[in-house]
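Hello,

Here is the structure we talked about, ready for you to open. Have a look around first, and then read on for what turned up.

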Amino acid sequence: MRLDSKLDRIAARADELRALLAGGIGGEEFVRASRELSEIEPVVARIDELRTAEQAQHEAEALLADPEMRELAEAELRALKDRIPALEHEIRVALLPRDVADERSAILEVRPAAGGDEAALFAAELFTMYQRYAALRGWRFEILEYNDTELGGLKEGIAEIAGKGVFARLKYESGVHRVQRVPATEAQGRIHTSTVTVAVLPEAEEVDVQVDESDLRIDVYRASGAGGQHVNKTESAVRITHLPTGIVVAMQEEKSQHKNRAKAMKILRARLYEQQRAALHATRAADRKSQVGTGDRSERIRTYNFPQGRVSDHRINLTLYKIDRVMQGELDEFIDALIAEDQAARLAAEE
């Protein structure tokens with residue numbers, strides 16, 4: 001299927017928007033036109049490249065009949081043979097419907113599932129892995145909640161990851177992550193299998209989710225540390241229950257009750273926003289396999305096998321034998337492959 005007519009409409013719309021902006025429009029109309037033009041300009045640039053390449057192809061084909069120019073024309077056609085399909089593919093990908101949340105920051109939630117202490121230890125390592133990945137991408141990683149165990153494991157870790165396009169890349173990390181290794185506490189040297197759940201939610205703005213105060217039950221209590229001992233004597237910890245949905249968010253990371261409440265509301269909005277998105281797009285979670293599931297050992301999106309030094313993503317059948325580098329935050333090879341797979345599936349669905 002050729003894109004010609006659709007591309008002509010996009011190029012014409014860009015010319016129309018440029019003329020409007022040059023004509024002195026102002027106010028809200030100027031803002032809307034500027035935003036629309038900025039969104040389609042990358043596609044228009046690719047369209048211009050494609051048109052130039054197609055023109056060069058026509059000219060080279062016309063020169064094939066000239067014996068003196070034939071060799072030069074053949075060389076030009078060889079160069080264009082891959083370039084034109086590649087540009088067409090890039091344009092098709094750019095024209096795919098966009099997830100409106102892709103450019104947003106995200107809330108990361110990591111929790112141990114099956115496997116007891118070993119699951120909690122690996123949960124702590126995964127949380128650190130994402131912290132390192134954020135640093136490599138130049139994103140801001142702010143810990144909202146971190147409840148650890150006496151052995152240094154993680155009961156629950158929640159972080160806000162802020163930056164451009166965070167959710168677009170991290171949304172593929174939601175699911176069950178399985179680890180296979182010999183725990184430090186294992187005297188017999190047997191390999192154990194444990195699981196950790198990861199949830200990545202697009203951060204919600206207040207305008208996205210209207211939360212009625214009358215729908216909230218807010219409890220305050222004393223914060224406690226690992227093992228249950230009290231770490232302060234004031235009731236700074238906050239638990240917010242959203243009565244219509246039953247969603248509960250507890251926060252005790254800060255010493256200030258006000259700060260804990262603000263962070264808890266941020267997480268609550270993100271969970272409510274994701275719930276709304278899932279309801280509106282019922283197939284999204286299944287298509288991207290982004291449901292956390294129950295945390296059972298049989299449900300997994302990725303396996304980290306330490307004895308063999310490999311990490312396998314089961315959604316795309318990709319295995320990398322560099323577990324140390326992956327745990328240092330080098331996740332782009334997996335994420336790039338997952339994005340490419342998602343794009344290919346959506347392109348196939350449109351044909």
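Which residues touch the most other members of the largest nonpolar core? Before the reply, please keep in mind that this is a predicted model. The residues are Leu-108 and Tyr-304, in a core that counts 58 residues. Helix 4, residues 116–137, supplies nine residues, the largest share of this core. Apart from it there is another core, made of 18 residues, including Ile-25, Ala-33, Val-44 and Ile-91. As background, nonpolar side chains in soluble globular proteins tend to be buried together.

Tyr-304 is a good residue to click on. Leaving aside residues up to four places away in sequence, Tyr-304 touches Phe-122, Leu-126, Met-129, His-177, Arg-178, Val-179, Gln-180, Arg-310, Val-311, Ile-323, Val-326 and Met-327.

**The two sheets**

One open sheet has eight strands in the order 2-3-1-5-4-9-10-11, and its pairing is mixed. At its edges stand strand 2 (140–148) and strand 11 (318–320); each has a single partner strand, so one side of each is left without a neighbour in the sheet. From one strand to the next, the twist averages 15°. Within this sheet you can follow strand 4 (residues 175–181) and strand 9 (residues 302–305), which run parallel and are joined by four bridges. If you want one pair to look at, take Arg-178, whose bridge partner in strand 9 is Thr-303.

There is also an open sheet of three strands, ordered 6-7-8, with antiparallel pairing. Strand 6 (216–221) and strand 8 (247–251) are its edge strands, and because each has a single partner strand, one side of each lacks a neighbour in the sheet. Here the twist averages 15° from one strand to the next. Strand 7 (residues 237–242) runs antiparallel to strand 8, and five bridges join the two. Arg-239 has Ala-250 as its bridge partner in strand 8.

**A closer look at His-242**

His-242 belongs to strand 7. Is His-242 buried or exposed? With a relative accessible area of 8%, His-242 falls under the 20% cut-off, so His-242 is counted as buried. Its side chain makes a polar contact of 2.8 Å with the side chain of Thr-245. Not counting residues up to four places away in sequence, His-242 touches Val-211, Asp-215, Leu-216, Ile-247, Leu-268 and Leu-272.

**Salt bridges**

How many salt bridges does the structure hold? The count is 26, and I picked out three for you to visit.

- Glu-49 and Arg-83 meet through their side chains in a salt bridge of 2.5 Å, N to O. Because Glu-49 lies in helix 2 (residues 27–63) and Arg-83 in helix 3 (residues 70–94), this pair ties together parts that are 34 residues apart in sequence. Glu-49 is partly exposed at 30% relative accessibility, and Arg-83 is partly exposed too, with a relative accessible area of 34%.

- Arg-140 forms a salt bridge with Glu-160, and their closest N and O atoms are 3.9 Å apart. Arg-140 lies in strand 2 and Glu-160 in strand 3 (residues 154–162), so the pair links parts that are 20 residues apart in sequence. Arg-140 is partly exposed, its relative accessible area being 42%, whereas Glu-160 counts as buried at 4% relative accessibility.

- Asp-336 and Arg-169 form a salt bridge, with the closest N and O atoms 2.7 Å apart. Asp-336 sits in helix 9 (residues 332–350) and Arg-169 in helix 5 (residues 166–170), so this pair ties together parts that are 167 residues apart in sequence. Asp-336 counts as partly exposed at 40% relative accessibility, while Arg-169 counts as buried at 11%.

Arg-140 and Glu-160 also belong to a network: salt bridges that share partners join Arg-140, Glu-142, Glu-160, Lys-263 and Lys-266.

Enjoy exploring, and send any questions my way.

Best wishes

Notes: Residues are numbered from 1 along each chain as its sequence is written. This is a predicted model: local features need pLDDT of at least 70, side-chain atom pairs count only at pLDDT 80 or more; totals for chains, interfaces and linings use all residues. Side-chain values use heavy atoms; hydrogens and water are left out. Two strands pair if DSSP finds at least two bridges between them. Axes are lines fitted to C-alpha atoms, for helices over the stretch in contact, and angles run from 0 to 180 degrees between N-to-C directions. Buried means under 20% relative accessible area, exposed over 50%, partly exposed in between (1.4 Å probe, protein chains only). A polar contact is a pair of N or O atoms within 3.5 Å; within protein, one must be able to donate a hydrogen and the other to accept it, and residues adjacent in sequence count only if both atoms are side-chain atoms. Contact means heavy atoms within 4.5 Å. A salt bridge is a side-chain nitrogen of Lys or Arg within 4 Å of a carboxyl oxygen of Asp or Glu. A nonpolar core is a set of buried Ala, Val, Leu, Ile, Met, Phe, Trp, Tyr and Cys residues joined through side-chain atoms within 4.5 Å.
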